[in-house]
Amino acid sequence: KKKKKSNTAMLLAGTVAVAVVVVAVVLRHWWLCQSGAATKRPGERVKTMIVLGSGGHTGEMRRLLSGMDLAAFHPRVYVLSDTDQTSERHAVAVEAEFAPATAKECSFVRIPRSREVKQSYVSAVFSTLVSLVACVPLVLRARCDLIICNGPGTCVPICVVAYLAKFLGIKWCKIIFVESICRVESLSLTAKLLRPFADCILVQWPELQQRYPHTKYLARLV
């Protein structure tokens with residue numbers, strides 16, 4: 001009987017401990033969702049990480065950047081997958097045309113791609129874990145104030161690590177995901193995966209925002 005009571009007490013204590021941890025995590029996540037990032041003073045730098053996808057996603061990001069005041073978002077860190085052969089060239093062209101004064105401060109970093117086109121979801125789990133590990137030193141070293149991303153799963157590991165750094169109080173970074181203009185009726189898998197981690201998911205069709213109220217519609221951005 002004593003042993004049974006001891007096991008019951010341990011089980012109860014373990015259940016309470018798990019419940020406390022879960023409640024603490026939920027409250028912390030809720031607080032992060034309700035709180036805004038530290039306000040920057042006028043003229044103060046906003047170090048920005050820009051995650052490039054590939055193909056059409058890079059084209060959309062290029063059009064998005066061309067409409068921004070890049071002088072307010074520097075230094076800039078461009079992140080692209082190690083198999084992407086074209087995105088860096090597009091980013092260099094944007095820097096030369098729209099931000100020549102601060103172009104010298106930008107840098108490029110490559111990470112393992114989390115999922116290749118037509119790669120099975122089972123094998124993508126392992127490649128995503130590899131990419132996730134590679135993103136930890138990158139995010140902690142860059143210590144950016146803002147992450148802008150769109151498109152494929154390349155950005156998922158980065159956003160997860162950035163969110164964990166924010167959750168642990170290491171570095172506050174605002175995460176903005178811009179959904180592709182091709183997405184008219186439903187969100188992409190990446191947007192769905194990033195819902196718990198992104199501060200803002202921007203869509204480019206008002207109908208899409210009505211279907212997903214947690215997103216925001218500003219205008220056609222690209």
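This is a short dialogue about E60 and the cavities of a predicted model.

Tutor: Residues are numbered from 1 along each chain as its sequence is written, and side-chain values use heavy atoms, with hydrogens and water left out. Because the model is predicted, local features need pLDDT of at least 70 and side-chain atom pairs count only at pLDDT 80 or more, while totals for chains, interfaces and linings use all residues.

Student: Why is E60 said to have no salt bridge?

Tutor: A salt bridge needs a side-chain nitrogen of Lys or Arg within 4 Å of a carboxyl oxygen of Asp or Glu. The nearest side chain of opposite charge, R63, is 4.7 Å from E60, so no salt bridge is counted. E60 is nevertheless buried, a word that means under 20% relative accessible area with a 1.4 Å probe and protein chains only.

Student: Which residues does E60 touch, not counting those up to four places away in sequence?

Tutor: E60 touches N150, S180, I181, C182, Q204 and V222, where contact means heavy atoms within 4.5 Å.

Student: What makes L52 and T58 lining residues of the second largest cavity?

Tutor: On a 1 Å grid over the protein atoms alone, a cavity is a set of points where a 1.4 Å probe fits but cannot get out, and lining residues have an atom within 4 Å of a point. L52 and T58 are therefore counted, among others including M61 and H90. This second largest cavity has a volume of about 40 Å³, the space filled by probe spheres set on the points, which are joined across faces, edges and corners.

Definitions and conventions
Buried < 20%, exposed > 50% of the residue type's maximum accessible area, 1.4 Å probe, protein only. Lys, Arg positive; Asp, Glu negative; His and termini not counted. 1 Å grid on protein atoms, 1.4 Å probe; cavity = no way out; pocket = protein on both sides within 12 Å on 5 of 7 lines; lining within 4 Å.
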